[in-house]
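The following paragraphs offer a guided reading of the structure shown below. They begin with a contact between two elements and then widen to the rest of the chain.

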Amino acid sequence: MKFKSFLASCIFIVFFFIAIPLSLVLIDGVFGIKPWHNIFLGTIGFILIIAGTIVDFYCFIMFARHGKGTPVPFDPPKHFVVQGLYRFVRNPMYFAALAIILGETFIIGVPLLFIFFLVSAAVLHFYVVYIEEPKLKNRFGQPRFRNRGD
C-alpha cells in the first residue's frame, strides 16, 4: 500500500469516527442535552464497533489482495472485487462504517450522534446509487453487477 493511501485512510478514520462524533458530543453538552446510558445498548454498541472495525480491515485487505488497490479514491482497485463479503453485499465497508457510528451512538448515548448516523446512511445510499455504481459500471462493465440482483 502506498503511504499516501495509508495517510488518507488514517485521516478519514480520525475525522469520520473521532472528530465528528466528539464535536457532536460537545455540541449536545453545550445545549444541555442529557445523554442516555443503558448497559444493554452500550454492550450492543461495543459489539457493533468491534464487528464494524473487523469488517473494515477485512475489506481493506480484500481491496489490496484481490483488487490490487485501496478504497481510497486516488488509489482505486484495478480489478472489481467479488470475493469474500463482496459476494453477498455490494458495500460491506459502508455497512461497517454505519455499524461503528451506531455503536458509538449506543455507547455514548448522544442524540446528535444518532442524527449523524441517519444522515450518514442517507448520504452513503445516494452516493452509492447515483455516483459510485454508475462509475463502476462504466469502468468494469455491466455484467459484474448482474449476479447481485440488478
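In this predicted model, a convenient place to start is the contact in which F16, F17, P21 and V25 of helix α1 meet A97, I100, I101, E104 and I108 of helix α3. Sorted by class, the residues that make up this contact of α1 with α3 are eight nonpolar, no polar and one charged. The two helices comprise residues 3–30 for α1 and residues 92–108 for α3; their axes come within 11 Å and cross at roughly 35 degrees. The crossing of α1 and α3 is right-handed.

Helix α1 merits a closer look on its own. It contains 28 residues, and the distance from its first C-alpha to its last is 38 Å, close to the 40 Å expected at 1.5 Å a residue. The helix α1 nevertheless bends, by about 35 degrees, at F15. After α1 comes G32, which has a positive phi, near 75 degrees.

Which residues of α1 are buried? They are S5, S9, F16, F17, P21, L24 and D28. Among them, F16, F17 and P21 also belong to the contact with α3 described above. The buried residues of α1 do not pack against α3 alone: their partners are α2 (39–66), α3 and α4 (111–140).

One of these buried positions, S9, can be followed in detail. S9 lies in helix α1. Why is S9 counted as buried? Its relative accessibility is 13%, and S9 therefore falls below the limit of 20% used for burial. Leaving aside neighbours within four places in sequence, S9 is in contact with F60 and V72. F60 falls within the range given for α2 (39–66). S9 and V72 are 63 residues apart along the chain, yet 6.9 Å separates their C-alpha atoms.

The loop between α2 and α3 supplies two further residues for inspection, K68 and N91. K68 has a phi near 55 degrees, a positive value in a residue other than glycine. For comparison, most residues other than glycine have a negative phi. Is K68 buried, partly exposed or exposed? K68 is partly exposed, because its relative accessible area of 48% lies between the limits of 20% and 50%.

N91 is placed in the loop between α2 and α3 as well, but N91 is buried, because its relative accessible area of 17% is under 20%. When neighbours within four places in sequence are set aside, the contacts of N91 are V128 and E132. Both V128 and E132 fall within the range of α4 (111–140).

The chain as a whole may now be considered. It has five helices and zero strands, and from the N terminus on its elements run α-α-α-α-α. Along its principal axes, the C-alpha trace spans about 50 × 35 × 25 Å. Of the 150 residues in the protein chain, 35% count as buried. How much of the contact in the chain with a separation of 6 or more comes from residues 24 or more positions apart? Such residues account for 68% of those contacts. The pair S9 and V72, in contact and 63 residues apart along the chain, is one example at the level of individual residues.

Notes
Residues numbered from 1 in each chain as written. Predicted model: local features only at pLDDT ≥ 70, side-chain atom pairs only at ≥ 80, totals over all residues. Heavy atoms only, no water. Axes fitted to C-alpha atoms, helices over the stretch in contact; angles between N-to-C directions. Helix = DSSP H or I, 4+ residues; strand = E, 2+ residues; numbered from the N terminus. Left-handed = near helix turned anticlockwise from the far one by under 90°. Contact = heavy atoms within 4.5 Å. Nonpolar A, V, L, I, M, F, W, Y, C, P; charged D, E, K, R; others polar. Expected span 1.5 Å × (residues − 1). Bend = angle between axes of the 7 residues up to and from the residue. Buried < 20%, exposed > 50% of the residue type's maximum accessible area, 1.4 Å probe, protein only.
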